[in-house]
Amino acid sequence: MRTALFPGSFDPFTLGHQAIVEDGLKIFDKIVVGIGSNSEKNGLLTVENRRRLIEDLYNDNDRVDVSVYSELTGEFCRKIGAQFLLRGMRNTVDYEYERNMMVVNQMLFPEITTVLLFTPPKYVAVSSSMIRELLAFGGDPTQLMPDKIDINNYL
Ligand code: ADP
């Protein structure tokens, strides 16, 4: 079985993240969305609420799981038996960052393959930080969030 870990902060999970999961499901049998719990500091949502939001989204899809982890991402891959690390890429800034992560992960966890998927063009400007910014100034981020998700239920 091909299992991929999709790691991130997911504070909160966005339409862009959803697009990566959707595309990833064409390649992998199972995707574990892994919320890195050390990213809780300065977060908008608690780690527990980030998990709840993603679980609400995928509770009828047994090919998508959600986990919170606090060890190195590669170590968590080994623990859950994920052979692949799935990441999304919007632009060259993401590319540089993801390439460096891949190089280090390759050194430390050579058996794990990083797979980078392009974000669909309509979501290149979507980010968790944009949603946090909108909320900070009283804006409505609904259009950047997956359908049926009301961020107010998770704040
Ligand atoms: P991190 O703090 O690890 O970057 P994020 O939750 O911000 O965590 O992102 C997790 C992954 O999703 C990263 O690979 C990031 O590049 C990707 N991602 C974020 N926003 C988008 C988007 N709009 N489209 C595609 N991928 C995205």
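In this predicted model, 16 residues surround the ligand, and Ser9, Phe10, Gly88, Thr119 and Val126 come nearest. The protein buries 86% of the 550 Å² that the ligand exposes when taken alone. The points below cover the ligand contacts, the nonpolar cores, helix 3 and Asn105.

**Ligand contacts**

- Gly88, one of the residues that come nearest to the ligand, places a backbone N or O atom 2.7 Å from an oxygen atom of the ligand.
- Arg87 contributes through its side chain, in which an N or O atom is 3.0 Å from an oxygen atom of the ligand.
- At Tyr123, a polar backbone atom is 3.1 Å from a nitrogen atom of the ligand.

**Nonpolar cores**

- In soluble globular proteins, nonpolar side chains tend to be buried together.
- The largest nonpolar core here has 33 residues, of which Phe13, Val21 and Val33 touch the most other members.
- At least two residues of this core come from each of strand 1 (3-8), strand 2 (30-36), strand 3 (64-69), strand 4 (84-89) and strand 5 (113-118), and likewise from helix 1 (15-24) and helix 2 (47-58).
- Helix 2 provides the largest share of this core, with five residues.
- Another core, of nine residues, lies apart from the largest one; Val32, Cys77, Ala82 and Ile112 are among its members.
- Beyond its neighbours within four places in sequence, Val33 is in contact with Phe6, Phe10, Phe13, Val21, Ile54, Val64, Asp65, Val66 and Ser67.
- Among these contacts of Val33 are Phe13 and Val21, which are also named with Val33 as touching the most other members of the core.

**Helix 3**

- Helix 3 spans residues 73-80, and its residues Thr73, Gly74, Phe76 and Cys77 are buried.
- These residues lie on the same side of helix 3 because they cover an arc of only 160 degrees around the axis.
- An α-helix has 3.6 residues a turn, so residues three or four places apart point the same way.
- Strand 1, strand 3 and strand 4 are the elements against which the buried residues of helix 3 pack.
- Cys77, buried in helix 3, is also one of the members of the nine-residue core.
- Gly81 follows just after helix 3 and takes a positive phi of about 75 degrees.

**Asn105 in helix 4**

- Asn105 belongs to helix 4, which comprises residues 92-108.
- Asn105 counts as buried because its relative accessible area is 14%, and buried means under 20%.
- Outside its neighbours within four places in sequence, Asn105 is in contact with Leu85 and Pro110.

Note on methods: Residues are numbered from 1 along each chain as its sequence is written. This is a predicted model: local features need pLDDT of at least 70, side-chain atom pairs count only at pLDDT 80 or more; totals for chains, interfaces and linings use all residues. Side-chain values use heavy atoms; hydrogens and water are left out. A nonpolar core is a set of buried Ala, Val, Leu, Ile, Met, Phe, Trp, Tyr and Cys residues joined through side-chain atoms within 4.5 Å. Buried means under 20% relative accessible area, exposed over 50%, partly exposed in between (1.4 Å probe, protein chains only). Helices (H or I, at least four residues) and strands (E, at least two) are DSSP runs, numbered from the N terminus. Contact means heavy atoms within 4.5 Å. A residue is near a molecule or strand if one of its heavy atoms lies within 4 Å of it. A polar contact is a pair of N or O atoms within 3.5 Å; within protein, one must be able to donate a hydrogen and the other to accept it, and residues adjacent in sequence count only if both atoms are side-chain atoms. Accessible areas come from the Shrake-Rupley method with a 1.4 Å probe; for residues, only the protein chains shown count as cover. The arc is that of the directions from the helix axis to the C-beta atoms.
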